[in-house]
Amino acid sequence: MIRELKESNRYKETIFLGALSILCFSLSIFRLLYSDTRLFLFLNWNLFLAFLPWLFTSLILVYPRFQNVKLNFILVILWLLFFPNAPYILTDLFHLRLNSTMPIWFDLVLILSFAWTGLMFGFMSLWDIENLLSKKINKKLIPFISLSLLFLGSFGIYIGRYLRWNSWDVIRQPYSLAYDIGDRIINPFHHRQTWGMTLFMFIFLTIIYWSFKFIKKRDN
């Protein structure tokens, strides 16, 4: 496994993201031991869900046995289902409370650490999708596709945070999930909060997307 990661130039990326994840886990354990409360331990599960999109694209790019049309299609569909979990952790800032068992500044650093690591998993996996698409379509179309994916991801954040749907509910409760989504598409003016949050979350994620793009292209 390590040899394949090194050959794909993904070894340092894996070490970096792994180190960030361990740091986040350590902060949550410190909070548990110091405050003797389990509050925010759920962030570890949310970060695991954020890790999955990066795992799916890594399997496609690193391991040759996954590089066939059927497996690629399955992994890309899984990526699309789980991608909203990466930026979703940003909304865990809603859980900040002044009357917490820890100083609010610590909880802020804790949540932002998880949120940033989740964003890194998400955007790095999105760049993997762009690399895959660049081999098949006109490269000028890729930014528009990425923005469309970010919009879908923003909508996914809404239905996860407010409607409490999970990625695996596509299999567990497909009809109820389809009804909730379809109702918001057919009757958009009856669900202004849905599209308001989706739009502004999309704007925020787009800002991050283009910021990373400019940083990557910046001359030293």
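1. Contact, as the word is used in this note, means heavy atoms within 4.5 Å. The structure is a predicted model, and the first residue to consider is Leu-93, which touches Leu-108, Ile-111 and Leu-112 when residues up to four places away in sequence are not counted. Leu-93 sits in the loop that links α5 and α6, and with a relative accessible area of 27% this residue is partly exposed. Between Leu-93 and Phe-42 the separation is 51 residues in sequence, while the C-alpha to C-alpha distance in space is 13 Å.

2. The packing of helix α2 (residues 11–35) against helix α6 (residues 104–134) has an angle of about 155°, and the two axes are 10 Å apart. Because angles over 145 degrees count as roughly antiparallel, α2 is described as roughly antiparallel to α6. The crossing in which α2 passes α6 is left-handed. On the α2 side the contact involves Glu-13, Phe-16, Leu-17, Leu-20, Ser-21, Cys-24, Phe-25, Leu-27, Ser-28, Phe-30 and Arg-31, and these meet Phe-106, Asp-107, Leu-110, Ser-113, Phe-114, Thr-117, Met-120, Phe-121 and Met-124 on the α6 side. Sorted by class, the contact of α2 with α6 comprises 13 nonpolar, four polar and three charged residues.

3. One of the α2 residues in that contact, Arg-31, deserves separate attention. Is Arg-31 buried or exposed? With a relative accessibility of 0%, Arg-31 counts as buried, and its place is in helix α2. Once neighbours within four places in sequence are set aside, the residues in contact with Arg-31 are Asp-36, Thr-37, Leu-39, Phe-40, Ser-100, Thr-101, Met-102, Phe-106, Asp-107 and Leu-110.

4. Helix α2 also packs with α3 (42–62), where the axes come within 11 Å and cross at roughly 170°. The two helices, α2 and α3, are therefore roughly antiparallel to each other. In this contact Glu-13, Thr-14, Leu-17, Ser-21, Cys-24, Phe-25 and Ser-28 of α2 meet Asn-44, Leu-47 and Trp-54 of α3, and the residues of the contact divide into five nonpolar, four polar and one charged.

5. The loop between α2 and α3 contains Asp-36, and Arg-38 lies in that loop as well. Asp-36 is not a glycine, yet its phi is positive, at about 60°. Most residues other than glycine have a negative phi. Asp-36 is exposed, its relative accessible area being 68%, and Arg-38, at 68% relative accessibility, likewise counts as exposed. Arg-38 and Phe-82 are separated by 44 residues in sequence and, from C-alpha to C-alpha, by 25 Å in space.

6. A positive phi is found at Arg-164 too, with a value of about 65°, although this residue is not a glycine. Arg-164 belongs to the loop between α7 (142–161) and α8 (169–172), and with a relative accessible area of 51% it is exposed; the cut-off is relevant here, because exposed means over 50%.

7. Turning to α6 and α7, the angle of packing is about 140°, with the axes 10 Å apart, and that makes α6 oblique to α7. The crossing of these helices, α6 and α7, is right-handed. From α6 the contact draws on Phe-123, Leu-126, Ile-129, Glu-130, Leu-133 and Ser-134, and from α7 on Ile-142, Ile-145, Ser-146, Leu-149 and Leu-150. By class, the contact of α6 with α7 has eight nonpolar, two polar and one charged residues.

8. Which residues touch the most other members of the largest nonpolar core? Among the 54 residues of that core, they are Phe-123 and Leu-150. The elements that contribute two or more residues to this core are α2, α3, α4 (69–82), α5 (85–88), α6, α7 and α10 (192–217), and the largest share, 14 residues, comes from α6. Neighbours within four places in sequence aside, Phe-123 is in contact with Leu-150, Leu-205, Ile-208, Tyr-209 and Phe-212.

Methods:
Residues numbered from 1 in each chain as written. Predicted model: local features only at pLDDT ≥ 70, side-chain atom pairs only at ≥ 80, totals over all residues. Heavy atoms only, no water. Axes fitted to C-alpha atoms, helices over the stretch in contact; angles between N-to-C directions. Helix = DSSP H or I, 4+ residues; strand = E, 2+ residues; numbered from the N terminus. Parallel < 35°, antiparallel > 145°, perpendicular 65-115°, else oblique. Left-handed = near helix turned anticlockwise from the far one by under 90°. Nonpolar A, V, L, I, M, F, W, Y, C, P; charged D, E, K, R; others polar. Buried < 20%, exposed > 50% of the residue type's maximum accessible area, 1.4 Å probe, protein only. Core = buried A, V, L, I, M, F, W, Y, C linked by side-chain atoms within 4.5 Å.
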